[in-house]
Amino acid sequence: MQAGSRDFAGVAVRTEKTEAPQVESFARFASDGQAGVDVSVVIPCLNEANSLGICVEKALGAFRASGLRGEVVVADNGSTDGSIEIAEKMGARVIRVAARGYGSALRAGIAAAHGAFIVMGDADDSYDFSDIPRFVEKWRQGNDVVMGNRFLGEIKPGAMPWHHKYVGNPALSSLLNLFFRAGIGDSHCGMRGFTRAVYDKMDLRSTGMEFASEFVIKAAQLGAKISEIPITLWPDKRGRPPHLRSFRDGWRHLRFMLLYAPNWLFILPGAAFMLLGLLMVFWLLPGPRTLTPRITLDVHTMIFGVIFTLLGAQILSIGSFAKVFSYAERFDHSGTVSLKRLLKSVSLESGLLIGGILFLAGFAGCAWVAWQWVASGFGPLAQVRQVLFWAMWLFLGLQIIFASFFLSMLGISRGTYIGDYELK
């Protein structure tokens with residue numbers, strides 16, 4: 001080993017160069033990083049005077065012990081308790097972030113970091129920054145993202161409320177894995193490492209706590225190589241109530257995941273409603289259906305079938321709007337391209353043609369029923385089922401026509417609904 005020294009934010013830190021084997025992604029740090037920095041530790045901070053110094057000291061100690069050339073970046077979100085002075089005295093570089101929010105602080109801190117590999121963690125000493133070399137080792141093995149997993153490691157008594165441990169975190173992680181196939185056991189762990197290259201591709205936009213969810217979603221959509229390591233969660237030393245609000249921030253995470261998963265929020269429910277409605281309509285079109293001697297389903301149930309069909313079509317339209325918007329704004333990086341190809345290959349004129357055919361068929365059917373009614377001298381209308389059936393296709397045609405116009409408006413090209421969006 002060869003010992004040396006480098007000055008970080010005015011503090012001399014002894015560094016050592018190891019001879020550990022390195023894969024290509026790790027070997028590129030010399031050209032990717034700046035000022036000779038291997039690893040940047042980014043710590044968001046808002047009034048963490050009781051614990052911030054401990055975190056900075058552990059991070060710098062980890063650099064010295066492992067021979068890493070590192071820096072500590074504290075992204076301060078407006079502290080008034082002396083946290084800034086403590087961080088600077090301990091040897092960290094402080095970035096003042098005016099925009100409030102956990103995500104805002106992290107995004108600013110990461111943007112200011114110099115390392116090709118970045119480790120983020122909270123400032124309350126609930127995560128042990130002595131674990132930094134373990135994250136770096138996973139990077140050396142070729143991983144783009146290294147997530148801490150508190151459930152594979154240990155959660156000390158008093159470190160996590162029971163409803164976070166047994167309800168909130170498991171439920172949100174399960175939903176995230178279901179929606180985005182991330183395969184992460186602890187998707188909201190606050191300590192994680194990642195390469196500068198993959199982070200820049202993510203284009204993260206969250207300003208609040210949902211930053212944690214967006215990070216994992218984007219990493220999964222990009223196909224980043226992700227691994228997890230067991231870590232220990234300790235009771236925090238902040239000495240004040242946490243910034244996290246369980247139900248408010250839990251809802252924000254859930255809302256964010258749903259907005260990034262229009263297939264689950266719109267497409268699947270819409271398709272289910274529409275399929276159920278069509279089955280009811282076609283089943284009851286010939287006449288009443290007797291289920292039991294006391295239960296007979298008739299035209300009133302058929303009305304609900306028409307309503308379900310139209311409701312499903314409306315939800316599907318909204319889902320298509322959401323998908324095209326996410327493609328056009330580059331929110332969606334997923335590898336599933338079937339709907340993309342469909343929307344890219346179908347033009348406004350195709351949608352208008354399909355909608356027009358359904359509308360004309362429905363209109364013709366309704367006109368035929370109306371003509372028979374007129375011919376009967378406006379007597380009792382016996383063809384209620386036929387009116388419901390043909391009116392349903394008339395309304396569906398109109399929905400498709402107007403939805404096609406709006407999809408074309410959302411697209412970035414007038415040629416197709418998606419335009420020049422790059423398919424994977």
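The exercises below, each with a worked solution, concern a predicted model of a protein chain.

**Exercise 1. Overall make-up**

Task: State how many helices and strands the protein chain has, and what share of its residues is buried.

Solution:
- The protein chain has 15 helices and 11 strands.
- It comprises 424 residues, and buried residues account for 47% of them.
- The exposed surface comes to about 20,200 Å², with carbon and sulfur atoms supplying 63% of it.
- Take the contacts between residues at least 6 apart in sequence: 75% of these join residues at least 24 apart.

**Exercise 2. The seven-stranded sheet**

Task: Give the strand order of the open sheet and name its edge strands.

Solution:
- The order is β5-β4-β3-β6-β8-β7-β9, and the pairing is mixed.
- β5 (93-96) and β9 (226-233) each pair on one side only, which makes them the edge strands.
- From one strand to the next, the twist averages 25 degrees.

**Exercise 3. One strand pair and the helices on the sheet**

Task: Determine whether β3 and β6 run parallel or antiparallel, then find which strands helices α3 and α5 touch.

Solution:
- Strand β3 (residues 39-45) and strand β6 (residues 117-120) are parallel, with four bridges between them.
- Within this pairing, Val41 has Val119 in β6 as its bridge partner.
- Helix α3 (residues 52-66) packs on the sheet and touches β3 and β4 (70-76); the angle between the directions of α3 and β4 is about 160 degrees.
- Helix α5 (residues 102-112) also packs on the sheet, where it touches β3, β4, β5, β6 and β8 (192-195). The direction of α5 makes about 155 degrees with that of β3.

**Exercise 4. A glycine in helix α5**

Task: Decide whether Gly109 is buried or exposed, and list its contacts beyond four places in sequence.

Solution:
- Gly109 is located in helix α5.
- Its relative accessibility is 0%, so Gly109 counts as buried.
- Leaving aside residues up to four places away in sequence, Gly109 touches Val42, Val73 and Ala75.
- For Val73, which is 36 residues from Gly109 along the chain, the C-alpha separation is 6.4 Å.

**Exercise 5. Aromatic pairs**

Task: Classify the ring pair formed by Tyr102 and Phe211, and say which helices it ties together.

Solution:
- The whole structure contains 15 aromatic pairs.
- For Tyr102 and Phe211, the ring centres are 6.4 Å apart and the planes stand at 85 degrees. Planes over 60 degrees apart count as edge-to-face, so this pair is edge-to-face.
- Tyr102 belongs to helix α5 and Phe211 to helix α9 (residues 211-222), so the pair ties together parts 109 residues apart in sequence.
- Tyr102 and Phe211 are both buried.
- Elsewhere, ring pairs join Phe282, Phe389, Trp390 and Trp393 in a cluster.

**Exercise 6. Cysteines**

Task: Explain why Cys55 does not form a disulfide with Cys45.

Solution:
- A disulfide is a covalent bond between the sulfur atoms of two cysteines.
- The cut-off used here is a sulfur pair within 2.5 Å.
- The closest cysteine sulfur to that of Cys55 is in Cys45, at 9.2 Å, which is too far for a bond.
- The structure as a whole holds zero disulfides.
- Cys55 counts as buried because its relative accessibility is 0%; Cys189 is also buried, at 0%.

**Exercise 7. A hairpin**

Task: Describe how β10 and β11 are joined and in which sense they run.

Solution:
- Strand β10 (residues 289-292) and strand β11 (residues 295-297) run antiparallel, joined by three bridges.
- Across the pair, Thr290 stands opposite Thr296 in β11.
- The connection from β10 to β11 is a hairpin through two residues.

Conventions
Residues numbered from 1 in each chain as written. Predicted model: local features only at pLDDT ≥ 70, side-chain atom pairs only at ≥ 80, totals over all residues. Heavy atoms only, no water. Pairing = 2+ DSSP bridges. Axes fitted to C-alpha atoms, helices over the stretch in contact; angles between N-to-C directions. Contact = heavy atoms within 4.5 Å. Buried < 20%, exposed > 50% of the residue type's maximum accessible area, 1.4 Å probe, protein only. Phe/Tyr/Trp six-rings, centres within 6.5 Å; stacked < 30°, edge-to-face > 60°. Areas by Shrake-Rupley, 256 points an atom, 1.4 Å probe, with all protein chains shown as cover.
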